[in-house]
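Biologist: I would like a close look at a single part of this protein, with its surroundings described residue by residue. Could you take one short helix and explain what it packs against, and then place it in the wider fold?

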Amino acid sequence: MDAFLLGAGQVLSVETLIYMLLGSIAGIIAAAIPGFTVTMAIVLTLPLTFTMDPLQGIAVMLSVYVGGYTGGLISAALLGIPGTPSSVATTFDAFPMSRNGEPGRALSIGVWASFFGTVISTAVLIVAAPPLAIFAVKLGPWEYFSLIVFALTIVASLVGHSLQRGLIAALIGLAISTVGTDPILGRPRFDFGIEMLAAGLPFLVVLIGIFAISQLASEVEDAGKIKSGQKLVTGEIDFKTWAVMKEVLMRPVNLVRSSIVGVLIGALPGAGGSIANLVAYDQAKRASKTPEKFGTGITDGVVASEAGNSATAGGGLIPLIALGIPGSAVDAILMASLMVHGISVGPRLIMDNADLVYGMFIAMVVASFMMLVVCVLSMRAFLRVAEVPKWVVVPVVLVCCVVGSFALNNRVNDLYLLGFIGLFGYALRALDYPLAPLVLGVILGPIAETNLRRALMTDDDWSLFLTRPVSLIFLIAAVASVAWAVRAHFKSKKTQENAEGTAP
């Protein structure tokens, strides 16, 4: 109790709260700009915390962390462009909802889902950190590979109208992930002697090109509408905060399930929000009585994605606090911040620095409330984007995309890649190929390959994938997932054909 009160006293001091508020605002704004990720915002914040007390510095970075996971929602809902990789699935329903004339509702649902997802993940973090961390650290490359195989089965739920086109898009994504340097041996491959491809295709450049550039290109197809000053999103910019809160809470199963998915995936080192939001969305779609409505602007889709990605913030801290193993790049930066202050991160962290750990728990809760307040108070300003004509929005967003892509590695070649990938994404969109499976392939491809090769380098016995219980469970789940998704796809297609046949 003394440690808890000591940690609470440090976090709830006026100075710390002011810094946390500024951090929350910075995280939301940074994540709302396509290309400026949560990790980038945390990296820029780190030097500013060196002169602060350890807990104060961690609290500020956690505010940026929590705010960043929500900020990606803004561009995803209003522009159809995920501000961060963890907001990819948010575009599936939030953007159609905005296009249907409800941009305020789309943002409000996402904000409330993010808030509840963070709170639920923090509660799980406090209660279940040690057992979940012990489970996560026992997983070997066999289990991780099988987990990624299971995650790849999400493709079957994201294929859109054509199963074949969806699978082709996923294979293209996997192929893109193999270009560049071999992750194990460090040798160049599939660069075809082109210097631009020698370093590979950075994930964020692919994400921005596929989603942002292709979306912007499709928005300017009709020159007449551009000249007439047509807006990117039409509809009421008003929002009903409390009514939307009730709407989110009326879906407790989806909210809790998506949050738990985020916590579990966040607790696995190397996973994170980019996978959690897609898995949570996939599970919500599978559990829904009306899966055909997903992708048309349904509330459950927005709730699942935002609750899932925000819950990874708490999940990622589980292995960090319990075992000293960072679950993501952001957690690694938090770990570095503690080490700079001379705090040893490991199994004894909670025993030797109980006030710090309890302070982190409190900071997570405070940061989630700050994020909620900032978003609710500034939502009307964000919604003004809907009133700006396309001829203003498109070039401004394009400049942000270019700056974000260049800032990633400070390479001019990345800008050329951005252009080529954007045109490729535009062509795929025009041919009615779903883009989500491609991005999923790019995300999961390197993780799957690395763990497969590590498993075989450790022991070349393939049967271990089937004899290790956890690995077998994941593989069985993958087979069942594919069978269920394919069955649902053909059932939906048959229903649609019957409806068209009976139509007058």
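Modeller: What follows starts from helix H5 and its neighbours and then turns to other helices of the chain.

The model is a predicted one, and what I say about contacts and burial should be read with that in mind. As a frame for the close look, the protein has 22 helices and 2 strands, and 55% of its 504 residues count as buried. Among the contacts with a separation of 6 or more, 80% join residues that are 24 or more positions apart.

The part I have chosen is H5, which covers residues 90-99. H5 is mostly covered, since 9 of its 10 residues are buried, and these are Thr90, Thr91, Phe92, Asp93, Ala94, Phe95, Pro96, Met97 and Ser98. Just after the helix, Gly101 takes a positive phi of about 95 degrees.

One partner of H5 is helix H4, residues 54-79, and the axes of the two helices come within 6 Å and cross at roughly 50 degrees. That angle makes H4 oblique to H5, because only values under 35 degrees would count as roughly parallel and the roughly perpendicular range begins at 65. The crossing itself is right-handed. On the H4 side the contact is made by Leu73, Ala76, Ala77, Leu78 and Leu79, which meet Thr90, Thr91, Ala94, Phe95 and Ser98 of H5. Sorted by type, the residues of this contact comprise 7 nonpolar and 3 polar, with no charged residue taking part. Taking the two descriptions of H5 together, Thr90, Thr91, Ala94, Phe95 and Ser98 are buried and also belong to the contact with H4.

Thr90 leads on to another helix, H14, which spans residues 299-323 and holds Ser305. Ser305 counts as buried because its relative accessibility is 0%. When neighbours within four places in sequence are left aside, Ser305 is in contact with Ala89, Thr90 and Asn277, and Thr90 is thus a residue that touches Ser305 as well as one that takes part in the contact of H5 with H4.

Another serine offers a parallel case, namely Ser259 in helix H12, residues 252-266. Ser259 is likewise buried, with a relative accessible area of 0%, and beyond its neighbours within four places in sequence it is in contact with Phe116, Gly117, Ile120, Ala307 and Ala311.

For a second helix pair to set beside H4 and H5, consider H9 (residues 203-219) and H19 (residues 413-430), whose axes come within 7 Å and cross at roughly 55 degrees. H9 and H19 are therefore oblique to each other, and H9 passes H19 in a right-handed crossing. Among the residues that make this contact are Val205, Ile208, Phe211 and Gln215 of H9, together with Leu417, Ile421, Phe424 and Arg429 of H19. The residues of the contact of H9 with H19 divide into 12 nonpolar, 6 polar and 2 charged.

Finally, helix H7, residues 141-152, gives another example of a covered helix. H7 has 12 residues and reaches 16 Å from its first C-alpha to its last, close to the 16 Å expected at 1.5 Å a residue. Because 9 of those 12 residues are buried, H7 is largely enclosed by the rest of the structure; the buried residues include Trp142, Glu143, Tyr144 and Phe145.

Terms used: Residues are numbered from 1 along each chain as its sequence is written. This is a predicted model: local features need pLDDT of at least 70, side-chain atom pairs count only at pLDDT 80 or more; totals for chains, interfaces and linings use all residues. Side-chain values use heavy atoms; hydrogens and water are left out. Axes are lines fitted to C-alpha atoms, for helices over the stretch in contact, and angles run from 0 to 180 degrees between N-to-C directions. Helices (H or I, at least four residues) and strands (E, at least two) are DSSP runs, numbered from the N terminus. Angles under 35 degrees count as roughly parallel, over 145 as roughly antiparallel, 65 to 115 as roughly perpendicular and the rest as oblique. A crossing is left-handed if the near helix is turned anticlockwise from the far one by less than a right angle, and right-handed if clockwise. Contact means heavy atoms within 4.5 Å. Ala, Val, Leu, Ile, Met, Phe, Trp, Tyr, Cys and Pro count as nonpolar, Asp, Glu, Lys and Arg as charged, and the others, Gly among them, as polar. Buried means under 20% relative accessible area, exposed over 50%, partly exposed in between (1.4 Å probe, protein chains only). The expected span of a helix is 1.5 Å times one less than its number of residues.
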